[in-house]
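Biologist: Hi! Could you pull up the model so we can go through a few side chains together?
Modeller: Sure, here it comes.

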Amino acid sequence: MHLKTHTGEKPYACPDCGKRFSRRSNMATHYRTHTGEKPFACPKCGKRFTQSSHMVTHQRTHSTDKLFTCPECKKCFTKCFQLHDHFTTHVRERPFPCTKCGKAFSWKSNLKRHLKIHTKEEPFPCSHCGKTFTCITSLKKHEKLHSSQGAYSCPECGKQFSSSSKVKSHLKTHSGEKPFQCMKCGKRFGWNSNLKSHQKVHTREKPFRCLTCGRCFGWKSNLTRHLKVHANEKPLVCQECGRKFLWSRMLTRHLKCHSIQKRHRCPCCGKGFNDTFDLKRHMRTHTGEWRQLMPFLACSVCLSRK
């Protein structure tokens, strides 16, 4: 059995998703993620688990013995590896980088979950509505929305959430509460994540690096948009003429070319334009401003007639 770790042999396949394992016991444990079976129950609170080791770890939460203390914040843990994982939040050590977008992670499991974003792999479907997810935990949170038990509703608009903390966070959209303030400029935010994202404006931090050209970005969304340039990806198509665009704002501006209505009229000659930018550029032909801006395009014959 040990030799399989060297040969890479994985003879046991999951009958549901096809994932392969070197041991039958590992395959049986994995199969419970599909069936939802949780045979191990905590004798203290009744919470159930798919593996006995998870149940044993959980039982320590009922014990007052927490032997491992973080030297930075004094938080206590029952296991040494939990302290090690927690300590990375203080030192910001992220040894696992994504080869696709450059984003780094503290844990290998987080990197594996992140890679599914690039591969668009979503192997966990919801049995109620068919929506798919990249990991089993996201699926379980979503399935609570279909169950009367565990579904949390917003008292203002009725929108449902999988946890009470998400309802509390959502309520800020109704109350307008913004408890997180930037110490640099005083701007306030409803969520701490938005504040952290904003602070990059002051620190000029750009943690997201394009592996193709080396250009760095402050936000992941900007890097994702930039990567389309290298891939020559133009997903937005004009339904009128079939022309393709990289960004929605370019498509929106282009669509005005097909519109018969031209709301912006030149007060000098009456020519119509779809947006004020084109009108202002045209107005320079009447004011003569374009001659100062682009003297190399001025014709000496035309200028003599003016």
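Biologist: Which side chain does Arg281 meet in a salt bridge?
Modeller: Arg281 pairs with Asp278, at 3.0 Å from N to O. Please keep in mind that this is a predicted model.

Biologist: Where do Arg281 and Asp278 sit, and how many residues apart are they?
Modeller: Both belong to helix H12, which covers residues 276–287. They are 3 residues apart, so about one helical turn separates them.

Biologist: Is Arg281 buried or exposed, or partly exposed?
Modeller: Arg281 is partly exposed, because its relative accessibility is 47%. Asp278, at 17% relative accessibility, counts as buried.

Biologist: How many salt bridges does the structure hold?
Modeller: The count is 1 salt bridge.

Biologist: OK, cysteines next. How many disulfides does a search of the whole structure find?
Modeller: The search finds 0 disulfides.

Biologist: Why is there no bond at Cys157?
Modeller: The closest cysteine sulfur to that of Cys157 is in Cys154, and at 3.7 Å it is too far for a bond. The cut-off for a disulfide is a pair of cysteine sulfur atoms within 2.5 Å. Cys157 itself is partly exposed, with a relative accessible area of 45%.

Biologist: And what is the nearest cysteine sulfur to Cys210?
Modeller: For Cys210 the nearest one is that of Cys213, 3.7 Å away, and Cys210 is in no disulfide.

Biologist: Is Cys210 buried or exposed?
Modeller: Cys210 is buried, because its relative accessibility is 0%.

Biologist: Where along the chain is Cys210 found?
Modeller: Cys210 is in the loop that runs between strand S15 (208–209) and strand S16 (216–217). In space, its C-alpha is 7.3 Å from the C-alpha of Leu227, a residue 17 positions apart from it in sequence.

Biologist: Changing topic: what about the phi of Arg204?
Modeller: Arg204 has a positive phi, about 60°, although it is not a glycine. Its place is the loop between helix H9 (192–203) and S15.

Biologist: Is Arg204 buried or exposed?
Modeller: Arg204 is exposed, because its relative accessible area is 68%.

Biologist: Now the surface. Which residues form the positive patch?
Modeller: The patch is made up of Lys38, Lys47, Lys140, Lys141, Lys144 and Lys166.

Biologist: Where is the place of Lys140?
Modeller: Lys140 is in helix H6, residues 136–143. With 38% relative accessibility, Lys140 counts as partly exposed.

Biologist: One last residue: where does His114 lie?
Modeller: His114 is part of helix H5, which covers residues 108–119. His114 counts as buried, because its relative accessibility is 4%.

Biologist: What separates the C-alpha atoms of His114 and Thr134?
Modeller: The separation is 8.7 Å, and the two residues are 20 residues apart along the chain.

Note on methods
Residues are numbered from 1 along each chain as its sequence is written. This is a predicted model: local features need pLDDT of at least 70, side-chain atom pairs count only at pLDDT 80 or more; totals for chains, interfaces and linings use all residues. Side-chain values use heavy atoms; hydrogens and water are left out. Patches are made of residues with over 30% relative accessible area and no salt bridge: like charges are joined within 9 Å, nonpolar side chains (Val, Leu, Ile, Met, Phe, Trp, Tyr) within 5 Å. Accessible areas come from the Shrake-Rupley method with a 1.4 Å probe; for residues, only the protein chains shown count as cover. A salt bridge is a side-chain nitrogen of Lys or Arg within 4 Å of a carboxyl oxygen of Asp or Glu. Lys and Arg count as positive and Asp and Glu as negative; His and the chain ends are not counted. The place of a charge is taken as NZ of Lys, CZ of Arg, CG of Asp or CD of Glu. Helices (H or I, at least four residues) and strands (E, at least two) are DSSP runs, numbered from the N terminus. Buried means under 20% relative accessible area, exposed over 50%, partly exposed in between (1.4 Å probe, protein chains only).
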